[in-house]
Amino acid sequence: MSAHVAGLGLDKMKLGNPQSFLDQEEADDQQLLEAEAWRTYTKRRDALREFLTSDLSPHLLKRHHARMQLLRKCSYYIEVLPKHLALGDQNPLVLPSALFQLIDPWKFQRMKKVGTAQTKIQLLLLGDLLEQLDHGRAELDALLRSPDPWPFLADWALVERRLADVSAVMDSFLTMMVPGRLHVKHRLVSDVSATKIPHIWLMLSTKMPVVFDRKASAAHQDWARLRWFVTIQPATSEQYELRFRLLDPRTQQECAQCGVIPVAACTFDVRNLLPNRSYKFTIKRAETSTLVYEPWRDSLTLHTKPEPLEGPALSHSV
């Protein structure tokens, strides 16, 4: 993006005719400006318009907002990797699973807390950077729509500085979108005399949220079929935790209409439900020792079907 800002100088722009979208007031300004000043004005205005339609377009910001909403629903994990594997070496000398046997459990739990704090801070910073991008685009768009030529002439240095600031914010936003490395101040392995330990890196990894398939999930008279999937991610073998509970129980016995069910698939039938009642279901991944932050879980409310009518009235109607 920085290359676009650097290319906003007049010495790097091609001259052209004024744009057809200029209103009458801008046309009047054209008569008042000298020819060279007018060419400078139109070229700088075109450069700003190009920046707002490419590097900072409304469509691009909309995609970033959607991505931000997705990140707020993701699950975050800590990964322990040897340095050579973290840097992309596909022939590791020590597998990550073997490293866990060498790590001090207490120190690892402390690093999990650090990972939780770092993830929360990162999400907050991403939200703040996205707000800055929205505000910066609104400010520059208002400048583009204004008929006043002065910012594009005498105050152009201020506009260039603002463009550079917005570009820097975008660069920071894109860099922070990817979870990074955790910084370890102390060694995670207490006993290093038994074997040679490689340099260890702790990385934060992201898993896409688990959501219910609302078209395939349905409630019947005394049972419900639930289906779910992982957002924008290929299906993998994972362990899930399905919860359910009866909404508005009327008796002490009905309060027992709830439960937590471990599932190793992406579908499950919940039996022995009450007819004509509403149930709330939630789905999430089963918690593991490497989970550091999981702020969201999907929920779905289904209403079971009522019992069929019985007796002479039903026979007569039939």
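## Terms and basis of the model

A residue is called buried when its relative accessible area is under 20%, exposed when that area is over 50%, and partly exposed in between, using a 1.4 Å probe and protein chains only. By this definition Asp298, at 6% relative accessibility, counts as buried, and this residue is taken up again below with its strand.

The model is predicted, so that local features need pLDDT of at least 70 and side-chain atom pairs count only at pLDDT 80 or more, while totals for chains, interfaces and linings use all residues. Residues are numbered from 1 along each chain as its sequence is written, and side-chain values use heavy atoms, with hydrogens and water left out.

## The chain as a whole

The chain holds nine helices and 12 strands, where helices (H or I, at least four residues) and strands (E, at least two) are DSSP runs numbered from the N terminus. Of its 318 residues, 38% are buried. The accessible surface of the chain comes to about 19000 Å², and 55% of this belongs to carbon and sulfur atoms; such areas come from the Shrake-Rupley method with a 1.4 Å probe, and for residues only the protein chains shown count as cover.

Contact here means heavy atoms within 4.5 Å. Among the contacts in the chain with a separation of 6 or more, 74% are accounted for by residues 24 or more positions apart.

## Helix packing around H7

Helix H7 (residues 105-145) packs with helix H8 (residues 156-176) at an angle of about 150°, and their axes are 9 Å apart. This makes H7 roughly antiparallel to H8, because angles over 145 degrees count as roughly antiparallel, those under 35 as roughly parallel, those from 65 to 115 as roughly perpendicular and the rest as oblique. The contact involves residues of H7 including Leu126, Leu129, Leu133 and Leu140, and residues of H8 including Leu163, Val166, Met170 and Phe173. The axes are lines fitted to C-alpha atoms, for helices over the stretch in contact, and the angles run from 0 to 180 degrees between N-to-C directions. H7 and H8 cross in a left-handed sense, which is the term used if the near helix is turned anticlockwise from the far one by less than a right angle, with right-handed used if clockwise.

Helix H3 (residues 35-54) also packs with H7, at an angle of about 145° and with the axes 10 Å apart. The crossing of H3 and H7 is left-handed, and the contact is made by Arg45, Leu48, Arg49, Phe51 and Leu52 of H3 together with Arg137, Leu140, Asp141, Leu143, Leu144 and Arg145 of H7. Leu140 and Leu143 of H7 are also listed among the residues in contact with H8. Tyr41 lies in H3 and is buried, with a relative accessible area of 1%; its C-alpha atom is separated by 6.3 Å from that of Leu153, although the two residues are 112 residues apart along the chain.

## The four-stranded sheet

Strands of a sheet pair through backbone hydrogen bonds, either parallel or antiparallel. In this model, an open sheet of four strands has the order S8-S7-S10-S12 with antiparallel pairing, two strands being taken to pair if DSSP finds at least two bridges between them. S8 and S12 are the edge strands, each pairing on one side only, and the twist from one strand to the next averages 20°.

S7 and S8 run antiparallel and are joined by six bridges, with Pro262 in S8 as the bridge partner of Glu241. Strand S10 (residues 278-285) and S12 likewise run antiparallel with six bridges, and Ile283 has Asp298 in S12 as its bridge partner.

## Strand S12 and Asp298

In a regular strand the side chains alternate between the two faces of the sheet. Along S12 (residues 298-303), Asp298, Leu300 and Leu302 point to one face and are buried, whereas Ser299, Thr301 and His303 point to the other and are not.

Apart from its neighbours within four places in sequence, Asp298 is in contact with Val210, Val211, Phe212, Arg214, Phe281, Thr282 and Ile283. The C-alpha atoms of Asp298 and Lys284 are separated by 7.2 Å, with the two residues 14 residues apart along the chain.

## Positive phi values in two loops

Asp248 lies in the loop between strand S7 (240-246) and strand S8 (258-263), and its phi is near 55°, a positive value in a residue other than glycine. Asp248 is exposed, with a relative accessible area of 66%.

Asn276, in the loop between strand S9 (267-270) and S10, has a positive phi near 60°, again in a residue other than glycine. At 40% relative accessibility, Asn276 counts as partly exposed.
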